[in-house]
Structures are given as C-alpha cells and as structure tokens.
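Work through these exercises with the model in view. Try each task before you read its solution.

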Amino acid sequence: MTFVRIDGVPHHVVVEGSGPPVVLSAGLGMAWFDWDPVVPLLAPHRTVVRFDRPGHGLSGPACAPPTASGEAHRIAAVLDAVGVDERATVVGHSIAGFHAEAYARLYPDRTAALVLIDSSVEADVRPPLAPGVRVVSARVAGAVLSGTGVPAALGPLLRRATVRLSRTGGPDPAPRALVDRCYRTSRVWRGLILENARYRAVAAELLTLRDKFPLPGGVPVRVLAGAAAGPSWLSRQRDLADHLEADFQVAEGAGHLVMLDRAGMVAETVLG
C-alpha cells in the first residue's frame with residue numbers, strides 16, 4: 001500500500017503479484033478492497049495495480065470534476081508512479097468502464113488488453129446542459145450531506161445495503177474496519193455524488209473519443225456482463241461488445257458486482 005500524488009491529490013495505490021501488469025478500476029463509490037476476491041487469482045500470473053480515484057477509498061478529495069480523458073490520464077499517471085512502463089491490461093467495472101475504454105483509445109501503445117466488467121453503457125447520450133451548475137449542485141449536496149452527519153452515522157450501513165442489493169451471492173464481504181474507515185467519512189460520499197453528477201458528461205465525451213481515436217489494432221477486448229440484471233441489460237452489454245468487436249460472456253448467477261459474485265470468472269476473463 002502506498003500513496004502517490006497526482007495533480008496535487010494523494011492517490012491510494014496497492015501493487016501485488018508479478019508478471020505482465022493489470023490495472024483494476026472499480027465502479028462508482030467502490031474501493032480498492034472490492035477487488036479482494038479477484039486479486040489472489042491474478043497475482044500469481046500478473047502484477048496487479050489497484051487504486052482509488054479521488055474521493056474514493058483512501059484517496060484524497062477530488063480537486064476537479066472527472067472527465068473521460070482525465071480519468072484515462074489518471075490511469076497512466078498511476079502506472080507511471082509505480083514504475084509500470086509496459087503495456088497493461090486495463091480493467092474497468094461499471095462507470096470505470098468508460099475510463100478504461102478512454103485509456104485504451106488515448107494510450108494505444110500502453111494497452112495490452114481492455115476488459116469491461118458489467119460496464120456502464122450509453123450508446124446515445126448528449127452532454128448535459130449547464131454542466132457547471134450540475135457540478136456546483138453536487139458540491140453543495142455533498143456539503144449539506146456532510147453537515148447533517150449522515151456519513152458518520154449511516155455511511156457503512158448504506159454501503160453494505162448497496163452491496164447486498166448489487167450482488168446475488170450474499171452480503172458485503174469487505175472487512176468492517178475498512179468499510180468504517182472509508183464510508184464514515186464525508187470525503188467518500190462527496191466524491192460519489194460528484195462522480196455521479198458527471199456521469200452523462202463523461203459518457204458523452206467517450207462517444208466523442210470513439211469517433212476520434214480507434215481502439216488499438218490487435219488488442220483483445222472482452223466484455224463480461226452480470227446476468228442478474230435481466231435481458232434488457234444483457235442486450236445493451238451485447239451491443240457494447242458488438243460495437244467494440246469484443247469477446248462477450250455472461251456471468252451466470254452474478255449481479256452487478258461480478259467480482260464479488262463470480263471472482264473466478266472475472267480472473268479468467270482478465271487472464272484471457
């Protein structure tokens with residue numbers, strides 16, 4: 001475990017294992033430990049890099065609103081900070097699927113493979129009107145939430161309830177001490193609200209990047225979808241895979257948090 005400063009923000013980074021590098025980025029409001037079931041399956045074969053985005057896990061609060069290209073640059077900066085200069089497999093879960101795809105498009109010479117785990121999908125989205133107003137509103141909402149003391153009182157409970165609803169295989173397996181350490185802080189909830197407020201803008205930016213920057217030729221792309229969301233969601237995931245000319249698999253019996261419900265299948269998908 002270490003901290004590296006990127007654009008003035010301390011980022012929490014964990015590096016384990018040996019071999020070709022893999023970088024894991026979790027979904028909205030998630031933390032590095034949400035990959036815990038997968039890492040032991042990858043570490044014997046890969047150097048596994050996990051990090052928390054600003055306002056997530058143990059990283060410092062966000063100084064600027066997230067963008068697709070900004071998150072791609074962040075992944076590159078994390079890899080630079082830990083001394084990874086070879087091609088990496090970049091893995092994005094949920095909203096981080098936007099970030100991982102943006103990285104593959106903007107850093108083709110540094111991408112070994114792209115893996116999307118139940119990724120967010122927006123095939124037709126326009127940038128929101130008055131994005132600055134949305135950011136200000138998100139910051140105000142975060143400040144109000146913090147002022148009420150809700151994170152300290154209910155943060156861990158809300159986290160565990162959300163995880164339980166987002167998987168099929170049982171409760172939140174994360175250590176209670178780590179959940180309390182992260183989710184009792186207003187920093188994490190402010191980060192979650194800000195990232196959520198920027199969802200449409202990031203999705204729209206990715207569509208623009210798709211038009212300008214093709215995925216690197218010869219680089220494997222894999223899409224793994226959780227089956228529990230139903231036919232409509234699986235259809236959207238399949239359409240994403242078709243658009244990216246990716247291998248497509250369905251994790252039967254898995255909810256949105258596929259890495260918790262089907263860790264072995266996630267590892268197999270990453271290893272290829």
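Helices (H or I, at least four residues) and strands (E, at least two) are DSSP runs, numbered from the N terminus. This is a predicted model: local features need pLDDT of at least 70, side-chain atom pairs count only at pLDDT 80 or more, and totals for chains, interfaces and linings use all residues. Residues are numbered from 1 along each chain as its sequence is written, and side-chain values use heavy atoms, with hydrogens and water left out.

**Exercise 1. Lay out the sheet.**

Task: give the order of the eight strands in the open sheet, then find its edges.

Solution.

Step 1. Start with the pairing rule. Two strands pair if DSSP finds at least two bridges between them. Strands of a sheet pair through backbone hydrogen bonds, either parallel or antiparallel.

Step 2. Read off the order. It is E1-E2-E4-E3-E5-E6-E7-E8, and the pairing is mixed.

Step 3. Find the edges. Strand E1 (2-6) and strand E8 (247-251) each have a single partner strand, so one side of each is left without a neighbour in the sheet.

Step 4. Add the twist. On average, neighbouring strands of this sheet are turned by 25 degrees against each other, direction ignored.

Step 5. Check one pair. E1 and E2 are antiparallel, with five bridges. Ile-6 has Val-9 in E2 as its bridge partner.

**Exercise 2. Describe strand E4.**

Task: state how E4 pairs with E2 and with E3, and decide whether the residues of E4 are buried or exposed.

Solution.

Step 1. Take E2 (residues 9-17). E2 and E4 run antiparallel and share five bridges. Val-14 is matched with Arg-50 in E4.

Step 2. Take E3 (residues 21-25). E3 and E4 run parallel, with four bridges. Here Val-22 stands opposite Val-48 in E4.

Step 3. Fix the cut-offs. Buried means under 20% relative accessible area, exposed over 50%, and partly exposed in between (1.4 Å probe, protein chains only).

Step 4. Apply them to E4 (residues 47-51). Five of its five residues are buried.

Step 5. Sort the side chains. Thr-47, Val-49 and Phe-51 point one way from E4, while Val-48 and Arg-50 point the other way.

**Exercise 3. Place two helices on the sheet.**

Task: which strands does H2 lie across, and which does H3 touch?

Solution.

Step 1. Set the terms. Contact means heavy atoms within 4.5 Å. Axes are lines fitted to C-alpha atoms, for helices over the stretch in contact, and angles run from 0 to 180 degrees between N-to-C directions.

Step 2. Place H2. It lies across E1, E2, E3, E4 and strand E5 (88-93), at about 125 degrees to E4.

Step 3. Place H3 (residues 96-106). H3 packs on the sheet and touches E3, E5 and strand E6 (111-117). Its direction makes about 155 degrees with that of E5.

Step 4. Judge the burial of H3. Because 10 of its 11 residues are buried, H3 is largely enclosed by the rest of the structure. Among the buried ones are Phe-98, His-99, Glu-101, Tyr-103 and Arg-105.

**Exercise 4. Explore the spaces.**

Task: how many cavities of 30 Å³ or more does a search of the whole structure find, and which residues lie nearest the centre of the largest pocket?

Solution.

Step 1. Define the spaces. On a 1 Å grid over the protein atoms alone, a cavity is a set of points where a 1.4 Å probe fits but cannot get out. A pocket is an open set with protein on both sides within 12 Å along at least five of seven lines. Lining residues have an atom within 4 Å of a point. Grid points are joined across faces, edges and corners, and a volume is the space filled by probe spheres set on the points.

Step 2. Count the cavities. There are two of 30 Å³ or more.

Step 3. Take the largest cavity. Its volume is about 80 Å³. H7 gives the largest share of its lining, three residues. Arg-53, His-56 and Glu-71 are among the lining residues.

Step 4. Take the second largest cavity. It holds about 50 Å³. Its lining includes Trp-32, Trp-35, Phe-51 and Arg-53.

Step 5. Turn to the largest pocket. It holds about 190 Å³. Of its 13 lining residues, Asp-7, Ala-64, Pro-65, Glu-71 and Arg-74 lie nearest the centre. Helix H2 (residues 68-81) gives the most to this lining, four residues.
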